[in-house]
Protein chains: 2
Amino acid sequence: MSHEAPETLRPVIRRIRDAFDEDLERVRGFLRTPSISYTGEGIQETAEQVAGFIRELGGEARVVPTEGHPIVSGRLDQGAPKSVLVYGMYDVMPADEPNWSSDPWGAEIRDLPKLGRSIIGRGAVNTKGPLAAFFRAVARYQEAAGRLPVNLLFAIEGEEEMGSRHFVPFVEDHLEELKEADAVLFPFFSEDEEGVPSLTLGTKGILYFELEARGGDWGGPTERGIHGSYNAWVANPAWRLVKALGTLVDADEKILVDGFFEGQEPLPPRELEVLRRQVESGLLDERPFMEFDHVRRFKGGLRGFELWKRLFSQPQLNIDGIVGGYVGEGTKTLLPHRALAKVDVRTVPRMDPTRVVEAIRHHLDRHGFADVEMRVLNKYPWSKVSLDEHAVQAMLGTYQVMGRTPQIWPLNPGSAPYYVFERILGVPYVTGGLGHGSRQHSTDEYCTVAGVLDFEISLVRWFHAYAALAEGRATVEELGWREEGPA
Amino acid sequence: MSHEAPETLRPVIRRIRDAFDEDLERVRGFLRTPSISYTGEGIQETAEQVAGFIRELGGEARVVPTEGHPIVSGRLDQGAPKSVLVYGMYDVMPADEPNWSSDPWGAEIRDLPKLGRSIIGRGAVNTKGPLAAFFRAVARYQEAAGRLPVNLLFAIEGEEEMGSRHFVPFVEDHLEELKEADAVLFPFFSEDEEGVPSLTLGTKGILYFELEARGGDWGGPTERGIHGSYNAWVANPAWRLVKALGTLVDADEKILVDGFFEGQEPLPPRELEVLRRQVESGLLDERPFMEFDHVRRFKGGLRGFELWKRLFSQPQLNIDGIVGGYVGEGTKTLLPHRALAKVDVRTVPRMDPTRVVEAIRHHLDRHGFADVEMRVLNKYPWSKVSLDEHAVQAMLGTYQVMGRTPQIWPLNPGSAPYYVFERILGVPYVTGGLGHGSRQHSTDEYCTVAGVLDFEISLVRWFHAYAALAEGRATVEELGWREEGPA
C-alpha cells in the first residue's frame with residue numbers, strides 16, 4: 001500500500017498545507033482566551049467561541065447550560081450515511097505556576113530542543129490546541145472537497161478538569177439525539193516525544209472510596225484524640241484501620257477480597273497477540289517508565305510481556321492516602337479518635353463496580369470490621385472498544401499510512417468516563433490524531449507546530465477512511481493497515 | 001491518730017496561715033513574668049528569680065548555662081542529717097490560645113464555679129504556681145522553727161515543656177554532688193477537682209520511633225508519588241507500611257513481637273492488694289475517665305480491677321500518627337513513594353528499651369520488612385519507687401492526716417524521665433503536695449487559692465514527717481498512715 005493519499009483526499013491535504021499559516025494563527029488565537037475550569041474565568045466566552053466554530057462550518061450549535069459550566073452541543077449535517085459524535089473539552093487548568101517562560105495565555109511560538117517550533121500555552125495540548133485544529137481540518141475538508149464524508153454531532157464540555165460531573169447526565173438527557181452517532185471521536189495529539197502515537201481500546205473503571213475507623217462501641221476514643229499513654233487500656237482507631245486494611249491484600253498486594261474479581265475477563269486472544277508482538281518488537285518497553293517514574297522493580301518482579309499483560313488486564317486496590325493522629329515533627333504522643341484511608345480500585349472488563357463495593361463491605365464485616373465506615377466518593381465502570389471497530393481500524397490505518405507504528409493499549413490503566421459512549425450510548429469511541437504536546441497541568445505546556453499540521457492531515461485521513469470502512473466501500477487491507485505492523 | 005499537727009509544726013502552720021496573703025501575692029508575682037520554653041521569652045530573668053528565691057532562704061544558687069535554657073542549681077544547708085533534692089521547672093507553655101478570659105500573665109484572681117477563688121494564669125498549676133509556693137513554705141518553716149528539718153539541693157530546669165533535653169546530662173555531670181540527696185521531691189498540686197490527691201510509684205518508660213516505608217529495590221516509586229493507576233504494576237509503600245505494622249499486633253492490639261515483653265515483671269503483690277482495695281472502695285473508678293475522654297469500651301472489654309491492673313502493669317505499642325499520599329478532600333489518586341507511622345512504646349519494669357528496639361527491628365526483618373526504616377527519636381527507661389520509701393510514706397501519711405484519701409498509682413502510664421533520679425542517682429523520688437489546678441497547656445489555666453494554702457501546709461508536714469521517718473525518729477504508724485485507708 002502506498003502512503004500516497006487517495007485521490008479525493010489529495011486536494012484536501014494540499015489545501016491544509018497551503019492554508020496552514022492561517023490555521024496555526026486560529027489555533028493560537030483560541031489559546032489566548034483563558035477558560036479556567038476551577039475559577040470559571042473565560043468559560044462562557046470560550047463556549048460561545050466553540051459554538052461559533054461549529055456555525056462557521058455550516059452547523060447548528062447551542063451553548064447548553066448545566067448546573068456547572070455549559071456544554072456546547074451541535075450538529076453538522078453533510079448528507080452522509082454515517083455520523084460521528086465529536087467529544088471534546090474547552091476548559092483548562094489554571095496557569096498559576098510560577099516559572100512559565102512566556103505568557104501562558106500568549107500562545108507564543110518558540111524553538112524547543114529536539115522538538116522544533118512549538119506553541120507554548122495553557123491548553124496547547126490539553127486540549128484546546130487539538131480542538132481548534134480539529135475545526136480547521138474540517139473546514140479545509142469542506143473547502144477542498146465540498147463536504148465532509150460524515151455528518152458530525154458535537155458535545156464539547158467545560159468541566160473535564162473538574163471531573164466531567166455534568167457530562168454523563170447531559171448524554172443521558174440527549175440519548176435519542178446522540179444515538180444517531182455511529183462512532184465517537186475525541187480529537188487529541190497522540191504522539192509521544194519520539195513520534196510514536198498510542199491508541200487505547202478502552203479504559204479501566206474507577207471506584208474511589210474512603211475507609212474510616214473511629215472510636216465507638218468497639219473501643220477507642222470517640223470524640224477527640226486523647227493522651228497517648230492511654231493506649232495501655234484504650235484501643236487505637238489507627239491500629240483498627242491498619243488491621244482492617246491489612247485484611248484486604250497480602251504482603252505482595254495480592255487482593256484477598258472474595259468476589260472482588262467476579263466477572264473479570266482475560267484480554268481477548270487477539271489483543272494478547274498484538275501485545276506480545278509489541279513487547280517483542282520493543283514498541284512497548286517498560287524501561288523509559290522505570291526511569292521517568294523512578295521505579296526499580298515491578299510487582300512480582302515481572303518484566304516484559306507478563307508485566308504489560310498485568311498492567312492492561314488486572315484491577316488494582318491502591319491506597320491513595322492514609323492519615324490519622326499526629327503527623328508533624330518530633331515526639332508528640334497521641335491516641336487518635338479516627339484514622340482515614342483513601343483507596344481507589346481500577347476495574348477491568350467485566351467487573352461490576354457495585355459488586356466490588358459489596359464485596360469489600362462484606363469482607364470487612366466478615367473480618368470483624370463492621371464499624372469501619374466505607375464511603376464511596378466516585379464510581380464508574382470500565383469501557384472497552386473492540387480492535388475491530390471501524391473507528392479504531394481507521395485510526396490505526398491512518399497512523400500507519402502516515403509512517404507511524406502505533407502502540408495499542410488494550411486498556412488505559414487510568415480512568416475516564418468513556419463508558420458513557422460505549423455503554424450508555426452504545427457507540428464505539430476512539431481518541432486520536434497525530435501531533436505531539438506535553439507538560440499538561442504544568443509550566444510551559446506546549447504542542448509542536450509540525451504536530452498541528454500532521455494532526456489536521458491525520459484527521460482528514462481518518463474521516464475518509466472511517467466513512468469508507470463504515471459504509472463498506474473499502475476494507476482495512478485496502479486502507480493500508482496490517483495488524484502485524486507496517487510492511 | 002489525731003489530725004492535729006505535731007507540736008513543732010504548729011507554729012509553722014500558724015505562720016503559714018498568718019502570712020498567706022503575702023505568700024499568695026508572691027506566687028501571683030512569679031506568674032507575671034512569662035518564661036516560655038519555645039520562644040525563650042523571660043527564661044533568663046525567671047531563672048534568676050528562682051536563684052533569688054534560693055538565696056532568700058539563705059542558700060547558694062547558680063544559674064547554670066546549658067546548650068538550651070539554664071538550670072538553676074543550688075543548696076541550702078540546714079545542718080540536718082538528711083537532704084532532699086528539689087526538682088522543678090520554671091518554664092511554661094506559650095499562652096497564645098485566643099479565648100483567655102483574663103490576661104494569661106496577669107495572675108488575676110477569679111471565683112470559679114465549684115472551685116472558689118482561683119488564680120488564672122499560664123503556669124498557675126504547671127508548675128510555677130507550686131514552685132513559688134514551695135519556696136514560701138520553706139521560708140515560713142524557717143521563720144517559725146528556725147530551720148528546716150532537712151537540707152535542700154535544687155535542680156530547677158527551664159526546658160521541661162520541650163522534653164527536658166539538657167536535664168539528664170546535667171544530673172550526670174553533677175552526680176557526686178546530687179548523690180548527697182536521700183530523696184527527690186517534685187512539688188506539685190496533686191489533688192483533682194474532687195479533692196482526691198494521687199501519688200505515682202514510678203513512671204512507664206518511653207520509646208518513640210518512626211517507621212517509614214519508601215519505594216526501593218523491593219518495589220514502589222523511589223523519588224516522588226506517581227499516577228495512582230500505576231499501582232496495577234508498581235507496589236505501594238503505603239500498603240507496605242500497613243502490612244509491616246499489621247504484623248506487630250493482632251486485631252485486638254495484642255503485641256506479637258517476640259522478645260518485646262522480655263523482663264516484664266508483674267506488679268508487686270502488695271501494690272496489687274492496694275490496687276484491689278482502691279478499686280473495690282471506688283477510689284479508683286474508670287467511669288469519670290470514660291466520660292471525660294469519651295471512651296465506651298476498654299481493651300478486651302475489661303472493667304474494674306483487671307482494667308486498672310492492665311493500665312498499671314502492661315506496656316503498650318501505640319500508633320501516634322500515620323500519614324502517606326494524598327489526604328485532602330475529594331478523589332485525587334496517587335501512588336505515594338513513602339508512608340510514615342509514628343509509634344510509641346511504653347515500657348514497664350523491668351523491660352529493657354534497647355532490647356525492645358532490637359526485638360521490633362528483628363521482627364520486621366524476619367517478616368520480610370527489612371526495607372522499612374525504624375528511626376528511634378526518643379528512648380528512656382521506666383522508673384519505679386517502692387511504696388516503702390520514706391519519701392512516699394511521708395507523702396501518703398501527710399495526705400491522710402490532712403483528711404484526704406490518696407489514689408496510689410503503681411505506675412504513671414505516661415512517661416517522664418524520672419529514671420534519672422531513681423536509676424542514675426539511685427535516689428527515690430516523690431511528686432506531691434496538696435492543692436488543685438488544671439487546664440495546663442490550655443486557656444484559663446488555674447489553681448485554687450485554698451489549694452495553695454493546703455499545698456504549703458502539706459509540704460511542711462511532709463518535710464517534718466520525712467525527716468522523722470528517715471532519721472528513724474518515728475514510724476509510719478505514728479505519723480498516721482494506715483495502708484488500709486483512714487480509720
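This report walks through a predicted model, looking at how its two chains meet, how chain A divides into domains, and how one sheet in chain B is put together.

## Where chain A meets chain B

Let's begin with the contact between the chains. Chain A brings 78 residues to this contact, and chain B also brings 78. Together they bury about 6,600 Å², and carbon and sulfur atoms account for 59% of that area. Four salt bridges are found across the interface of chain B and chain A. One salt bridge joins the side chains of B:Asp293 and A:Arg224, with 3.4 Å from N to O. There are also 52 residue pairs in polar contact across the interface, counting pairs with both residues at pLDDT 80 or more.

Which parts of chain B take part? The elements that give two or more residues to the side touching chain A include the helices α7 (237-246), α9 (287-292) and α10 (304-313), along with strands such as β9 (202-214) and β11 (338-347). The biggest giver is β10(B), with 10 residues. If you sort the residues on this side of chain B by type, you get 36 nonpolar, 23 polar and 19 charged.

## Strands that pair between chains

Strand β10 deserves a second look. Strands of a sheet pair through backbone hydrogen bonds, and they can be parallel or antiparallel. Here, strand β10 of chain A (residues 316-325) pairs with β10(B) in the antiparallel sense, over five bridges. To find this pairing in the structure, look for A:Gly325, whose bridge partner in β10(B) is B:Gly321.

## Two domains in chain A

Now turn to chain A by itself. Its domain assignment gives domain 1 as residues 7-201 + 385-479, and domain 2 as residues 204-264 + 315-380. The centres of these two domains of chain A, taken over C-alpha atoms, are 40 Å apart. Eight residues of domain 1 and seven residues of domain 2 form the contact.

The area buried between domain 1 and domain 2 of chain A is about 620 Å², with 56% from carbon and sulfur atoms. Which three residues supply the most of the area that domain 1 buries against domain 2? They are A:Leu411, A:Pro413 and A:Ser415, which supply 62% of it. The rule finds zero salt bridges between these domains of chain A, while five residue pairs are in polar contact, both residues being at pLDDT 80 or more. Strand β15 of chain A (residues 412-415) gives the most to domain 1's side of this contact, with four residues. That side of domain 1 is made up of five nonpolar residues, three polar and no charged.

## A four-stranded sheet in chain B

Finally, chain B holds an open sheet of four strands in the order β4-β5-β18-β17, with antiparallel pairing. Its edge strands are β4 and β17 (437-438), each of which pairs on one side only.

At one edge, β4 (residues 108-112) and β5 (residues 116-120) of chain B run antiparallel and share five bridges. B:Glu108 has B:Ile120 in β5(B) as its bridge partner. The hairpin of β4(B) and β5(B) has three residues between its strands, and B:Lys114 takes a positive phi near 70° there. At the other edge, β17(B) and β18(B) (residues 446-448) are antiparallel and joined by two bridges. There, B:Ser438 has B:Tyr446 in β18(B) as its bridge partner.

Terms used:
Residues numbered from 1 in each chain as written. Chains lettered and ligands numbered in written order. Heavy atoms only, no water. Pairing = 2+ DSSP bridges. Contact = heavy atoms within 4.5 Å. Buried area = accessible area lost by both parts, 1.4 Å probe. Polar contact = N/O pair within 3.5 Å; in protein donor to acceptor, adjacent residues only side chain to side chain. Nonpolar A, V, L, I, M, F, W, Y, C, P; charged D, E, K, R; others polar. Domains from an automatic or database assignment.
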